[in-house]
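Visitor: I am new to this structure and would be grateful for a close look at a single part of it. Please take the aromatic rings as the subject, and then show what lies around them.

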Amino acid sequence: MYSISDSREAMTGGLFLVPRRPTSLSYSMIFKTRQIYVAYSNTILRTLFGTLLSVLLTALTAFPLSLKSMRGTSVFFMMIFFTMLFNGGLISTFLVVQALGLLDTIWAVILPMIFSPFYLFLVRQFMIGIPGEIIEAGQMDGAGTLRC
């Protein structure tokens with residue numbers, strides 16, 4: 001209600017459910033500048049690329065960790081799970097982004113959030129639940145390990 005109210009009326013304070021002297025001046029000022037379009041394009045790019053890369057990386061990491069035939073998967077999984085319990089924090093993330101030269105790029109907000117140990121745990125548990133007979137049946141039909 002504040003955004004469509006007159007600025008002087010909104011500054012008087014208090015809560016209100018009906019706009020006071022409605023105006024679209026603030027929205028016309030926002031859409032005259034270029035920043036709103038940059039902000040929306042960044043949001044869309046971050047959502048598309050971040051989601052695509054996160055799902056791809058999580059699935060590619062969870063698949064080998066879900067195989068019972070591979071040795072050492074529990075050690076790798078515990079090393080990744082440990083990072084979920086003890087996060088590095090905001091300052092260390094900033095220092096890594098700065099060292100990689102990603103400041104003031106879209107990748108500075110995509111890459112640090114691309115991998116989540118929690119999502120890895122969920123996808124790994126799902127893949128462990130897939131019966132081995134399905135993989136064997138796919139291999140008998142000629143499918144490789146990644147196609148099963």
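Guide: The model shown here is a predicted one, and it holds seven aromatic pairs. One of them joins phenylalanine 31 to tyrosine 37 in a tilted arrangement, with 6.3 Å from centre to centre and 50° between the planes. That pair counts as tilted because planes under 30 degrees apart would be stacked and planes over 60 would be edge-to-face. Phenylalanine 31 has a relative accessibility of 42% and so counts as partly exposed. Tyrosine 37, at 49%, is likewise classed as partly exposed.

Another tilted pair is made by phenylalanine 118 and tyrosine 119, whose ring centres lie 6.0 Å apart and whose planes differ by 55°. Phenylalanine 118 is partly exposed, its relative accessible area being 41%. Tyrosine 119 has a relative accessibility of 46% and therefore counts as partly exposed.

Aromatic rings also gather in a cluster, formed by Phe77, Phe81 and Phe121. Phenylalanine 77 has a further partner in arginine 124, whose charged end sits over the phenylalanine ring at 4.1 Å from its centre.

Phe77 also leads to the packing of two helices, since Phe77 is among the helix 4 residues that meet helix 3. Helix 3 covers residues 35-66 and helix 4 covers residues 73-85; their axes come within 9 Å and cross at roughly 140°. The two helices are therefore oblique to each other, because an angle would have to be over 145 degrees to count as roughly antiparallel. On the side of helix 3, the contact is made by Thr61, Pro64 and Leu65, while helix 4 contributes Thr73, Phe76, Phe77 and Ile80. Sorted by character, the residues of this contact are five nonpolar and two polar, with no charged residue.

For a contrasting place, one may turn to glycine 13, which is found in the loop between helix 1 (7-10) and helix 2 (25-32). Its relative accessibility is 28%, so glycine 13 counts as partly exposed. When neighbours within four places in sequence are left aside, glycine 13 is in contact with Tyr2 and Arg20. Glycine 13 and methionine 78 are separated by 65 residues in sequence and by 52 Å in space, taken from C-alpha to C-alpha.

To return to the subject of the request, phenylalanine 77 takes part in the aromatic cluster, lies beneath the charged end of arginine 124 and belongs to the contact of helix 4 with helix 3.

Terms used: Residues numbered from 1 in each chain as written. Predicted model: local features only at pLDDT ≥ 70, side-chain atom pairs only at ≥ 80, totals over all residues. Heavy atoms only, no water. Phe/Tyr/Trp six-rings, centres within 6.5 Å; stacked < 30°, edge-to-face > 60°. Buried < 20%, exposed > 50% of the residue type's maximum accessible area, 1.4 Å probe, protein only. Lys NZ or Arg CZ within 6 Å of the ring centre and 35° of its normal. Contact = heavy atoms within 4.5 Å. Axes fitted to C-alpha atoms, helices over the stretch in contact; angles between N-to-C directions. Parallel < 35°, antiparallel > 145°, perpendicular 65-115°, else oblique. Nonpolar A, V, L, I, M, F, W, Y, C, P; charged D, E, K, R; others polar.
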